[in-house]
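Me: I'd like to learn how to read ligand sites, cavities and ring pairs in a model. Can you take me through one?

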Amino acid sequence: MNLLITGGAGFIGSHVVRLFVKNYPNYHIYNLDLLTYAGNLENLKDIENQPNYTFIQGDIANEGFINGLFEKHKFERIIHLAAESHVDRSINDPLAFVKTNIMGTVILLNAFKMLWLDNYTDKLFYHISTDEVYGSLGDSGFFTEDTSYDPNSPYSASKAGSDHFVRAYGETYGLPYIITNCSNNYGPNQFPEKLIPLFINNIIHNKPLPVYGDGNYTRDWLFVIDHARAIDIAFHEGKLGETYNIGGFNEWKNIDLVKLLCAQMDIELQREKGTSEKLITFVKDRPGHDLRYAIDPSKIKNELGWTPSLTFEEGLEKTIRWYLDNEEWLNNVTSGDYQNYYQKQYN
Ligand code: NAD
Ligand code: TYD
């Protein structure tokens, strides 16, 4: 099987590529990634020479290039992760999100449709999405697969748009698809602009921890390798035309999470208890900040038998250890442009 994985040099994509390259020697995995600031081939050093793996650098929003690539490699299945993925960046530059997340997805859908025409036996377009498309919850309730879309940020609006196009290609052209909507991921290789790796990096360097607003915002956190496992199961066992929500059964208010992270970092860095917490600084809130995300993952649990394998404390410990053991990775990605982004966002 020729399997195309888009965005495979990014955070979640690199874990998905590794899992498929290692577990499925009969598949040839093509990793297509533009290598934006978020893409990093260092993430895949350990598998880059495997015979069933090929890396291709390119833009999913470049129609001519994508059509040519599909014609050449005849991809039978696709796992589509490539995206602009950071809410704060989407607030500063929404068009980049429309281009990659909406245009890029439609260009891939079209190329897939033109390649196979109506001959879709054993073919699959698997689209990776987010729980943020459902908008914001109050203090109670959960997102299910039937929750109406109600996105609030340019990021979530662009992901919602891409989900709608995938479903529309299914309804209109019979294109075989699966969509999964996952909660917040954390773990090794996450770019340090998202909450957990940003705060780990700042604690290492004794820099302030910028908590938006009062910190009483809730997210549902899942260890990235558990997300990759869920993708493996949905890819092989999921029903065509279905959506599955993936969540960690693991809600945390930001401020409580940050305090737990600080406590674990003090232990790992052998600093006096309470040292890292002193770095917490409340800063101006994110515009349109969603109050709470929480997933009801009953469908994927009951129908496909997936559950997370780690507790949050275990996952966080592994994550902290990874960042401390991979200082060079962290230094490489936080040099250059990262400093400009940081200045603009936080000063
Ligand atoms: P990421 O930003 O770490 O990685 C995105 C990857 O896509 C990068 O390697 C980047 O180079 C590549 N890319 C960006 N634009 C491209 C383009 N035009 N053409 C080709 N490649 C391009 O993101 P992530 O956190 O790994 O998220 C991956 C997917 O999972 C995204 O679709 C995201 O919406 C979704 N998702 C993420 C989370 C999360 O918590 N991180 C949760 C749910 C769903
Ligand atoms: P983030 O990791 O950006 O993911 P998302 O916005 O997709 O949920 O942010 C997680 C939560 O942490 C969110 O409520 C915003 C908050 N946050 C801060 O308080 N400070 C920060 O510097 C960042 C990056 C996020």
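**Cavities, ligands and rings**

Reply: Let's start with empty space: this structure holds two cavities of 30 Å³ or more. It is a predicted model, where local features need pLDDT of at least 70 and side-chain atom pairs count only at 80 or more, while totals for chains, interfaces and linings use all residues. Residues are numbered from 1 along each chain as its sequence is written, chains are lettered from A and ligands numbered from 1 in the order in which they are written, and side-chain values use heavy atoms, without hydrogens and water.

Me: How do I read a cavity, and which residues line the second largest cavity?

Reply: Rolling a probe the size of a water molecule over the atoms shows where empty space is left. A cavity is a set of points, on a 1 Å grid over the protein atoms alone, where a 1.4 Å probe fits but cannot get out; lining residues have an atom within 4 Å of a point. The second largest has a volume of about 60 Å³, the volume being the space filled by probe spheres set on the points. Its lining includes Glu-132, Arg-219, Arg-286 and His-289.

Me: Which residues are closest to ligand 2?

Reply: Glu-132, Arg-219, Arg-286, His-289 and Tyr-346 are the closest of the 20 residues around ligand 2, counting a residue if one of its heavy atoms lies within 4 Å. For polar contacts, look for a pair of N or O atoms within 3.5 Å. Oxygen atoms of ligand 2 lie 2.7 Å from a polar side-chain atom of Arg-219, 2.7 Å from one of His-289 and 2.6 Å from one of Tyr-346. The protein covers 97% of the 510 Å² of accessible area that ligand 2 has on its own, by the Shrake-Rupley method with a 1.4 Å probe.

Me: And what about ligand 1: how many residues surround it?

Reply: There are 29 around ligand 1, with Asp-33 and Lys-159 among the closest. The side chain of Asp-33 puts an N or O atom 2.5 Å from a ligand 1 oxygen, and Lys-159 has a polar side-chain atom 2.7 Å from one. Alone, ligand 1 exposes 840 Å², and the protein buries 96% of that.

Me: How should I read a ring pair, say Phe-20 and Phe-235?

Reply: A pair of aromatic rings is described by the distance of the centres and the angle of the planes. Rings of Phe, Tyr and Trp (its six-membered ring) pair if their centres lie within 6.5 Å; planes under 30 degrees apart count as stacked, over 60 as edge-to-face and the rest as tilted. The structure holds 23 aromatic pairs. Phe-20 and Phe-235 have ring centres 5.2 Å apart and planes at 85°, so this pair is edge-to-face.

How values were computed
Polar contact = N/O pair within 3.5 Å; in protein donor to acceptor, adjacent residues only side chain to side chain. 1 Å grid on protein atoms, 1.4 Å probe; cavity = no way out; pocket = protein on both sides within 12 Å on 5 of 7 lines; lining within 4 Å.
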